[in-house]
Amino acid sequence: MDISLFQLVVICATIAVVLGFGIRAARSVHSTKGFSVGGRSAGVPLVAGGIAGTCVGGGATVGTAQLAATVGLSAWWFTIGSGVGLIIMGLFYARPLRRTALETIPQFLAQNFGLTCGVFSSIVSSIGILFSAVASCLPAIYIIAAIFGIPFLPATVLLILTVAAYAFFGGMKSAGVGGILKMIVIWSTMAIAGVMAAHSLFADPAVAAALPEGAFSLLHGDMSHILANFSSVVIGMLCTQSYIQAIFSASNPRTASVAAFTAALISLPVGLPCAMVGIYMGAAHPEITPILLLPTYLLTEQPSLLGGIAMGGIMLSLIGSIAGLSLGIGTMLSRDIFHRARVTLRARKIHKLAEDPASQAIDITEIPTVNHPYHLSELAVTRLIVLLTITLAAFIALVNEGSQVLFWNFLSMALRSGGIFLPLSFAIFAPGTITAMSATDRRRPHRRLPRRRRQPALLRPRRQRPLPHPVLAAPSLMIRQSSAGRCFPISVMDLQSKCNSS
């Protein structure tokens, strides 16, 4: 794929401007909540930009053009399904989810079905979202390798560094700001490219004669296969952490609902011009690698300035999609698994220390706290998981070069919808139904116990006055840290007298 120096400069400048705005937005992020949900103060543009910026990635652009070269306009069903899913989200799901003031879908499921369901859904969702990130990494590696003329491995490393710069520092705020800017670029340039590709299809008789049968039919192909893919995309959009996380970042439930509708209007039409470009290039240039049809058209069939800006927008769509999906995985694993494991470990250490007051001096570093010498803040853990997710998705794509982009998207949506959709819908529309039914089933085999008779007042044990500090309710010891970093037991009576004297 030939590219001029001017086009390369325009592509790099477009990417640099958007990345600069994203990194600038990251300066206000100083906490885990600010990183994952933007401080819950985002308006409609920022929430819609975060959703659309993640949704419109490799599958909606390069993947649609790649599939359209063989199946025609029916490749548009992926973005149609994305838009329909976001409309349903805005109608029924956005408001009740935003009212919970949570950060992840597994937290919401754990509230309704227990901790085990939350952990299971976190793992299943993370695997499904990882496959979507792979779908955006595939064309990004091909495009970087073709533009700079480098092998796939250096292109993979360059992609990891670029995506990390986009999402590592600012989280949801960077994703929202970058999503707004990249959608402006994609909408303006791809609309022109789609119109010019459609004109070329009918203006050149040789190209029109080479078109496959049913190229302009949305229903071309196996209907059961089309409906299955469409359903998986619609349902998958409703239970993907990356999109729900943008809903959680909204300032109020109404903003979340309006933002979902706005994102649907932005993302649904994007697949049409990409499909037209794929149909044209598949008929006019069948020798080109299908995954490079859209980039080749933008760089060879469009004016240099317009093609360079459009190519920069395509790269931004891939980078933003990988970043947003990785942010969803990082938030789930950090909040629902790592944070919970840390709290459990800390509680076990303290309980073990409280149960053995006669033990020798105990090293304070055995209890993981904020003062632990190797302690990682939750924000640092989230960022580290995001970086590892980006790296893993890129290398999975490198190993599976040559595969269909939309295959990974449909696989990802099917995995997410199969494990999350029904529990999430029950938790929203019929909260407590499954839990109440299972509790009723557990009680059936047991005989109802007789009601306990209340004792007379004179026979009741006197309630003891509560101790002045909640930690004193533990067995009779407290922990005092010396200057050498060691801990020594203190009797409860001594500490209680000290509290009373103060």
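# Exercises on a predicted helical model

Glycine 20, at 37% relative accessibility, counts as partly exposed. Keep in mind that the model is predicted.

## Exercise 1: Placing glycine 20

Task: Find the helix that holds glycine 20, and explain why glycine 20 counts as partly exposed.

Solution.
- Step 1. Glycine 20 sits in helix H1, residues 5-25.
- Step 2. Recall the cut-offs: buried is under 20%, exposed is over 50%, and partly exposed lies in between.
- Step 3. The value for glycine 20 is 37%, so this residue is partly exposed.
- Step 4. Now look across the chain. Tyrosine 166 is 146 residues away from glycine 20 in sequence, yet their C-alpha atoms are 8.6 Å apart.

## Exercise 2: The chain as a whole

Task: State how many helices and strands the chain has, and what share of its residues is buried.

Solution.
- Step 1. Count the elements: 20 helices and 3 strands.
- Step 2. Turn to burial. The chain has 502 residues, and 50% of them count as buried.
- Step 3. Take the contacts with a separation of 6 or more. Residues 24 or more positions apart account for 83% of them.

## Exercise 3: Helix H6 and its surroundings

Task: Decide whether glutamine 111 is buried or exposed, then describe the helix around it.

Solution.
- Step 1. Glutamine 111 belongs to helix H6, residues 105-113.
- Step 2. Its relative accessible area is 56%, so glutamine 111 is exposed.
- Step 3. Compare the helix. H6 is mostly covered, with 7 of its 9 residues buried.
- Step 4. Name some of the buried residues: among them are Ile105, Phe108, Leu109 and Asn112.
- Step 5. Check the start of H6. There, a side-chain oxygen of threonine 104 comes within 3.2 Å of the backbone nitrogen of glutamine 107.
- Step 6. Check what follows. Just after H6, glycine 114 has a positive phi of about 105 degrees.
- Step 7. Finish with a distant partner. Glutamine 111 and proline 431 are 320 residues apart in sequence, but 9.8 Å apart from C-alpha to C-alpha.

## Exercise 4: Two buried residues

Task: Explain why serine 136 and threonine 189 count as buried, and list their contacts beyond four places in sequence.

Solution.
- Step 1. Serine 136 lies in helix H7, residues 115-148. Threonine 189 lies in helix H9, residues 172-203.
- Step 2. Serine 136 is at 2% relative accessibility, so it is buried.
- Step 3. Threonine 189 is at 4%, so it is buried too.
- Step 4. Leaving aside neighbours within four places, serine 136 contacts Gly57, Gly58, Leu318, Ser321 and Ile322.
- Step 5. By that rule, threonine 189 touches Leu306, Ile309 and Ala310.
- Step 6. Add a polar contact. The side chain of threonine 189 reaches the backbone oxygen of valine 185 at 2.7 Å.

## Exercise 5: An aromatic pair

Task: Explain why the rings of phenylalanine 407 and tryptophan 408 form an edge-to-face pair.

Solution.
- Step 1. The whole structure holds 8 aromatic pairs.
- Step 2. In this one, the ring centres of phenylalanine 407 and tryptophan 408 are 5.7 Å apart, and the planes meet at 75 degrees.
- Step 3. The cut-off for edge-to-face is over 60 degrees. So the pair is edge-to-face.
- Step 4. Compare exposure. Phenylalanine 407 is partly exposed at 49%, whereas tryptophan 408 is buried at 8%.
- Step 5. Widen the view. Ring pairs join Phe131, Phe407 and Trp408 into a cluster.

## Exercise 6: Helix H11 and its partners

Task: Test the span of helix H11, then find the helices that its buried residues pack against.

Solution.
- Step 1. H11 runs over residues 223-238, which makes 16 residues.
- Step 2. At 1.5 Å a residue, the helix should span 22 Å; the end C-alpha atoms are 23 Å apart, so the two agree.
- Step 3. Buried residues of H11 include Ile226, Phe230, Val233 and Met237.
- Step 4. The buried residues pack against H3, H5, H12 and H18.
- Step 5. Look at H5. Tryptophan 77 is in this helix. Its contacts beyond four places are Leu218, Leu219, Ile226 and Phe230.
- Step 6. The side chain of tryptophan 77 also reaches the backbone oxygen of leucine 218 at 2.6 Å.
- Step 7. Now pair H5 with H12. Their axes come within 9 Å and cross at roughly 65 degrees. The crossing is right-handed.
- Step 8. Name the residues that meet: Met89, Ala94, Leu97 and Arg98 from H5, with Tyr243, Ile244, Ile247 and Phe248 from H12.

Terms used. Residues are numbered from 1 along each chain as its sequence is written. This is a predicted model: local features need pLDDT of at least 70, side-chain atom pairs count only at pLDDT 80 or more; totals for chains, interfaces and linings use all residues. Side-chain values use heavy atoms; hydrogens and water are left out. Helices (H or I, at least four residues) and strands (E, at least two) are DSSP runs, numbered from the N terminus. Buried means under 20% relative accessible area, exposed over 50%, partly exposed in between (1.4 Å probe, protein chains only). Contact means heavy atoms within 4.5 Å. A polar contact is a pair of N or O atoms within 3.5 Å; within protein, one must be able to donate a hydrogen and the other to accept it, and residues adjacent in sequence count only if both atoms are side-chain atoms. Rings of Phe, Tyr and Trp (its six-membered ring) pair if their centres lie within 6.5 Å; planes under 30 degrees apart count as stacked, over 60 as edge-to-face and the rest as tilted. The expected span of a helix is 1.5 Å times one less than its number of residues. Axes are lines fitted to C-alpha atoms, for helices over the stretch in contact, and angles run from 0 to 180 degrees between N-to-C directions. A crossing is left-handed if the near helix is turned anticlockwise from the far one by less than a right angle, and right-handed if clockwise.
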